[in-house]
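User: Hi! I've got a model open and would like to talk through a few spots in it. Could you help me out?

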Amino acid sequence: MHIKLLIAAACLLGLFSTIGASLPYPILPPLFASGVGNGLNSFLGLPPKMLFGLALTINPLGLLIGNTLLGPLSDRYGRRPLLMLTTIGAALGHMLTAAALLLESYPLFIVARFATGLLEGNGAVVRAMLADRLEGDLRVRALSWLNGAFYLGWLAGPLLAGATVVWGITVPFWIAAGALVMTTVLVALVLPRETPSLATTSWWYVARHQHAFHLLRHADLRKLFIVQFAYTCGVTAFYEFYPLWLVEFPGYGAPGIAWVTAGLCAVMTLTAVFAGRPSRFAPLQRAAWSAFACATAIAAVAVGHVGLGLAAIVLFGIPNAFYNAIVPGWCAERFGALGQGAVMGLLSTTFCLANIVMALVGSVLTLLDTRLILLLGALLSAWAAWRLQGWRVQMAGPPASSAPAEG
């Protein structure tokens, strides 16, 4: 019963945190691409698409820093206190975002999204909590269920935005803030208290010397980072810019974007229920197949045909759910001795870094054609699939040592 409650609490944490993070996706494209001027899309006279790209970049930048630091900090100070602090802080961030939208202040919006992203970088802490307390197939299944909760949040967030934005553009963010406050109470009631760490190092020492990127001194983790970065660049190009594609090609507004996103996330959620089951195929083999299928779906959207693109957006959820069920579980088994918080933090940090890079690249490419950034994403995901297949062959020998690589 204790294990079931622990898994349920982790999934609810993932659900409520991603609901807030996913709210802006159906709201922002019409604000920046509809052709109607406002204080957000006319800041400093810059092109609205460029401002849109920068607005997409700032939240992942906060996530990047948060995921880099929060996982290792939870190794030092405990999962429970870090989760309580970050959830209540993210609630305050959503309140500040609502104020920025009400005032049509682009600088305040940027600050609010950065702060919210910084504190929402606690997904690595939740994953590490499960990796700490579970083992074997149950760990893999629980991480898959947690991914399903994250996907469900991406479903509920856009639906919430599409359903409530008619009452005011700030309403979805106030609801998200309330949900995170409730999540803080949930953390306090359900998660077990932890034995205080005997370490005497300061948080600043941990931040400087035990951050997730510190793991890159290990040869296999450097290889993982490169492959994961390429794959997540493809995925984030898709996530960030298919809503803009929906505005430009089918001519959808916030409700239409919300419903398409709901279909995508519903497919991912259903797939995640069974994606973590044991398989006779090697994990890296399955990950390679999944990455190639994702690349194919992104390329189908880049073609520009409305019917094919809509179908590809929704079906993308199947291989992406499999990939995200396979890779974290494999990493927990292979690299867990290096610190589950740091390892899960590295995976989350890689995703955030990819968000930043592709948002910046996309803010330039979309000035020419939105399909270009989607095509680039497809190529990067296909390259990652090819590298994973090659790595699977190289991994036929014994597991790599956790000792740092020389040189």
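User: How do the axes of helix 4 and helix 5 cross, and at what angle?
Analyst: Happy to help! This is a predicted model. In it, the axis of helix 4 (residues 79-103) comes within 8 Å of that of helix 5 (residues 106-119), and the two cross at roughly 165°.

User: Are they roughly parallel or antiparallel, then?
Analyst: Roughly antiparallel, because the angle is over 145 degrees.

User: And which hand does the crossing have?
Analyst: Helix 4 passes helix 5 in a left-handed crossing. On the helix 4 side, the contact includes Gly89, Ala90, Gly93, Leu96 and Thr97. Helix 5 contributes Leu108, Phe109, Ala112, Arg113, Thr116 and Leu119.

User: What's the mix of nonpolar, polar and charged residues there?
Analyst: The contact of helix 4 with helix 5 has 10 nonpolar residues, 6 polar and 1 charged.

User: Switching topic: where does Thr232 sit, and is Thr232 buried or exposed?
Analyst: Thr232 belongs to helix 10 (residues 219-248). Its relative accessible area is 4%, so Thr232 counts as buried, the cut-off being under 20%.

User: Which residues is Thr232 in contact with, leaving aside neighbours within four places in sequence?
Analyst: With those set aside, Thr232 is in contact with Thr350, Phe351 and Ala354.

User: Nice. Last one: what about Ala262, buried or exposed?
Analyst: Ala262 is buried, at a relative accessible area of 6%. You'll find Ala262 in helix 11 (residues 254-275).

User: And how far is Ala262 from Gly153?
Analyst: Their C-alpha atoms are separated by 9.8 Å, although Ala262 and Gly153 are 109 residues apart along the chain.

How values were computed: Residues are numbered from 1 along each chain as its sequence is written. This is a predicted model: local features need pLDDT of at least 70, side-chain atom pairs count only at pLDDT 80 or more; totals for chains, interfaces and linings use all residues. Side-chain values use heavy atoms; hydrogens and water are left out. Helices (H or I, at least four residues) and strands (E, at least two) are DSSP runs, numbered from the N terminus. Buried means under 20% relative accessible area, exposed over 50%, partly exposed in between (1.4 Å probe, protein chains only). Axes are lines fitted to C-alpha atoms, for helices over the stretch in contact, and angles run from 0 to 180 degrees between N-to-C directions. Angles under 35 degrees count as roughly parallel, over 145 as roughly antiparallel, 65 to 115 as roughly perpendicular and the rest as oblique. A crossing is left-handed if the near helix is turned anticlockwise from the far one by less than a right angle, and right-handed if clockwise. Contact means heavy atoms within 4.5 Å. Ala, Val, Leu, Ile, Met, Phe, Trp, Tyr, Cys and Pro count as nonpolar, Asp, Glu, Lys and Arg as charged, and the others, Gly among them, as polar.
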